[in-house]
Amino acid sequence: MQSFQDDSPEMRLRRAAERGNGVAMHNLANLLYRYGEDAEAEHWFRCAAAEGHTRAMNNLGVLLEQVGSYDEAEAWYRRASAAGNTNAMYNLAILLYQAGEVGAAHNWYHRAAVAGNVDAMYNLARLLEVSGDLDEAEGWYATAADEGDLDAMNNLGILLLDRGAFTQARRYFRRAADGGHSQAMGNLADLLRAEGAHLEAETWHRRAAG
């Protein structure tokens, strides 16, 4: 058990958790997890989850997944997802995808994306692109890009480039490149060179190379 000084904020957090405060239970669990006290962190995540704390349910799922307890992790992700936790929806989608349940993963990515989870938007777009649904993939890449996702900007640029939409592709490559995305810098450089803008292309190639 992690010990804290009697007058420390950590000890006050522990006392609040021991009095049954669900938020304190969750925060204490997070703190213990950062200290590497996984067993005690799991205990307090379970306590907070039993109090209906959806972030604790999700974080408990993450901890369980890390130690290979996939079935129980899935169960907690599902409970948190049913309560509206978008991070749990996203984590459930990843778990299902890794288990080969692509259709179910698509469903949960979509639910998380509609609820505003940007990572889910990006992964949904990738899944749609691989399956050949390029129009919907483009839409979700664009939505994620509008939320500032640099990978989505770059992937959307690639998709648009393949479609011959060079002006739009250049715009998204540039946005991602300006944000520090090295692959987008290289893609922008290649496009600029193809368009004859050799000096600017060389500048971006040097930046992409670091």
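1. Let me start with the pocket, bearing in mind that this is a predicted model. Helix α8 is the top contributor to the lining of the largest pocket, giving 4 residues. The elements that supply two or more lining residues are α7 (102-114) and α8 (118-130). As for volume, the largest pocket comes out at about 180 Å³.

2. Which residues line the largest pocket? They are Y97, V102, Y109, N123, R126, L127 and V130. By class, that lining splits into 5 nonpolar residues, 1 polar and 1 charged.

3. Keep an eye on Y109, which turns up again away from the pocket list. The largest nonpolar core has 64 residues, and Y109 is among those that touch the most other members, together with W44, F45, W140, Y141 and W204. As general background, nonpolar side chains in soluble globular proteins tend to be buried together. Leaving aside residues up to four places away in sequence, Y109 is in contact with Y90, A93, I94, A120, N123, L124 and L127. Two of these contacts, N123 and L127, also appear in the lining of the largest pocket.

4. Now for the charged pairs. How many salt bridges does a search of the whole structure find? The count is 11. The general idea is simple: side chains of opposite charge can pair when their charged atoms come close.

5. The pair I'd look at early on is R170 with E195, a salt bridge whose closest N and O atoms are 3.0 Å apart. R170 sits in helix α11 (residues 166-178) while E195 is in the loop between α12 (182-194) and α13 (198-209), so the salt bridge ties together parts 25 residues apart in sequence. Are the two partners buried or exposed? R170 is partly exposed, at 22% relative accessible area, and E195 is also partly exposed, at 38%.

6. Next, have a look at E202, which has a salt bridge with R193 (4.0 Å, N to O) and another with R206 (3.7 Å, N to O). R206 and E202 are both in helix α13, 4 residues apart, or about one turn of the helix. Through shared partners, salt bridges join D190, R193, E202 and R206 into one network.

7. How accessible are the members of that group? R193 has a relative accessibility of 35%, so R193 counts as partly exposed. E202 also has 35% and is partly exposed. R206, at 51%, counts as exposed; the cut-off for that class is over 50%.

8. Last, a word on E72, which belongs to helix α5 (residues 70-82). At 32% relative accessibility, E72 is partly exposed. Setting aside residues up to four places away in sequence, E72 touches R46 and L64. For a sense of the spacing around here, E72 and A49 are 23 residues apart in sequence, and their C-alpha atoms are 13 Å apart in space.

Definitions and conventions. Residues are numbered from 1 along each chain as its sequence is written. This is a predicted model: local features need pLDDT of at least 70, side-chain atom pairs count only at pLDDT 80 or more; totals for chains, interfaces and linings use all residues. Side-chain values use heavy atoms; hydrogens and water are left out. On a 1 Å grid over the protein atoms alone, a cavity is a set of points where a 1.4 Å probe fits but cannot get out, and a pocket is an open set with protein on both sides within 12 Å along at least five of seven lines; lining residues have an atom within 4 Å of a point. Grid points are joined across faces, edges and corners, and a volume is the space filled by probe spheres set on the points. Ala, Val, Leu, Ile, Met, Phe, Trp, Tyr, Cys and Pro count as nonpolar, Asp, Glu, Lys and Arg as charged, and the others, Gly among them, as polar. A salt bridge is a side-chain nitrogen of Lys or Arg within 4 Å of a carboxyl oxygen of Asp or Glu. Buried means under 20% relative accessible area, exposed over 50%, partly exposed in between (1.4 Å probe, protein chains only). A nonpolar core is a set of buried Ala, Val, Leu, Ile, Met, Phe, Trp, Tyr and Cys residues joined through side-chain atoms within 4.5 Å. Contact means heavy atoms within 4.5 Å.
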